[in-house]
Amino acid sequence: MVSKEQLNETLADIVTGRGVKRSRHELHLDGRSVVDEFIARLTENGYHPTTVGAVDVQIGERVPAFYIEQTTAYFGWVFWEKFTDQKARKLWGSVVRNAKGDWAIQIPPTKPIPIYANPNAKIDMDADNPIYL
């Protein structure tokens, strides 16, 4: 049996990436959902509910964010995918990849799908090579 303290510690590790690869995480334990507990850890660590369109990010930057689908949390980044110097698109892309090596889940700014983003954890990225996110 996992204690509440152990659960909260584990979920916080997923949020921060401390000792855990942030990727795809099932949010259930002993047959019950722990989504609410995970969202509480997100909030404690500076993540807030928003949409891709509302995240303030420029080309050459990325903001960490989680997308929660039922009882599965997917980690990814909000960023601008640069095609040319004149053409780019903003999106949330999961770190989970598909068979082609592209983001398995993509959320454009036009979709009002909720994500949990931490704009205070924004970092620089190579806009010419976003595949290495």
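Two bridges join strand β5 to strand β10 (residues 123–124), and the two strands run antiparallel. Strands such as these, at least two residues of DSSP type E, and helices, at least four residues of type H or I, are DSSP runs numbered from the N terminus. Strands are said to pair if DSSP finds at least two bridges between them. The model is a predicted one, in which local features need pLDDT of at least 70 and side-chain atom pairs count only at pLDDT 80 or more, while totals for chains, interfaces and linings use all residues. Residues are numbered from 1 along each chain as its sequence is written, and side-chain values use heavy atoms, with hydrogens and water left out.

A good place to begin is β5 itself, which covers residues 61–69. Within its pairing with β10, E61 stands opposite D124. Strand β5 also pairs with β9 (residues 115–117), again in the antiparallel sense, over two bridges; here F66 has Y116 as its bridge partner. Eight bridges link β5 to β6 (residues 72–82), and these strands run antiparallel as well. Among the facing residues, R62 is partnered by F79 of β6, and P64 stands opposite W77. The hairpin of β5 and β6 has two residues between the strands, and Q70 there takes a positive phi near 55°.

Strand β6 leads on to further partners. Three bridges join it to β1 (residues 24–26) in an antiparallel arrangement, where Y74 of β6 is the bridge partner of R24. With β7 (residues 88–94), β6 pairs over seven bridges, also in the antiparallel sense. W77, already met opposite P64, has G93 as its bridge partner in β7. The hairpin from β6 to β7 passes through five residues.

How covered are these strands? Burial is judged by relative accessible area, with a 1.4 Å probe and protein chains only: buried means under 20%, exposed means over 50%, and partly exposed lies in between. In β5, eight of the nine residues are buried, so the strand is mostly covered by this definition. Strand β6 is mostly covered too, with nine of its 11 residues buried. As general background, side chains in a regular strand alternate between the two faces of the sheet.

The interior can be described through nonpolar cores. A nonpolar core is a set of buried Ala, Val, Leu, Ile, Met, Phe, Trp, Tyr and Cys residues joined through side-chain atoms within 4.5 Å. The largest has 21 residues, of which L27, F38, L42, Y47, F66 and I68 touch the most other members. Helices α1 (4–16) and α2, together with β5 and β6, each supply at least two residues of this core. A second, separate core of 13 residues includes V57, V63, Y74 and I115. In soluble globular proteins, nonpolar side chains tend to be buried together.

Contacts, meaning heavy atoms within 4.5 Å, add detail to this picture. Not counting residues up to four places away in sequence, L42 touches V15, Y47, F66, I68 and Y116. With the same neighbours left out, I39 touches I68 and Y116. I39 lies in helix α2 and is partly exposed, with a relative accessible area of 23%. The C-alpha atoms of I39 and P114 are separated by 12 Å, although the two residues are 75 residues apart along the chain.

Helix α2 (residues 35–44) also holds R41. Is R41 buried or exposed? R41 counts as buried because its relative accessibility is 10%. Its side chain makes a polar contact with the side chain of N8 at 2.6 Å. A polar contact is a pair of N or O atoms within 3.5 Å; within protein, one must be able to donate a hydrogen and the other to accept it, and residues adjacent in sequence count only if both atoms are side-chain atoms. Leaving aside neighbours within four places in sequence, R41 is in contact with N8, L11, A12 and V15.

Those contacts lead to helix α1, where L7, N8, L11, A12, D13, I14 and V15 are buried. The buried residues of α1 pack against β1, β2 (28–29), β3 (32–33), α2 and β5. The expected span of a helix is 1.5 Å times one less than its number of residues. For the 13 residues of α1 this gives 18 Å, and the end C-alpha atoms are 18 Å apart, which agrees. After α1 comes G17, whose phi is positive, near 80°.
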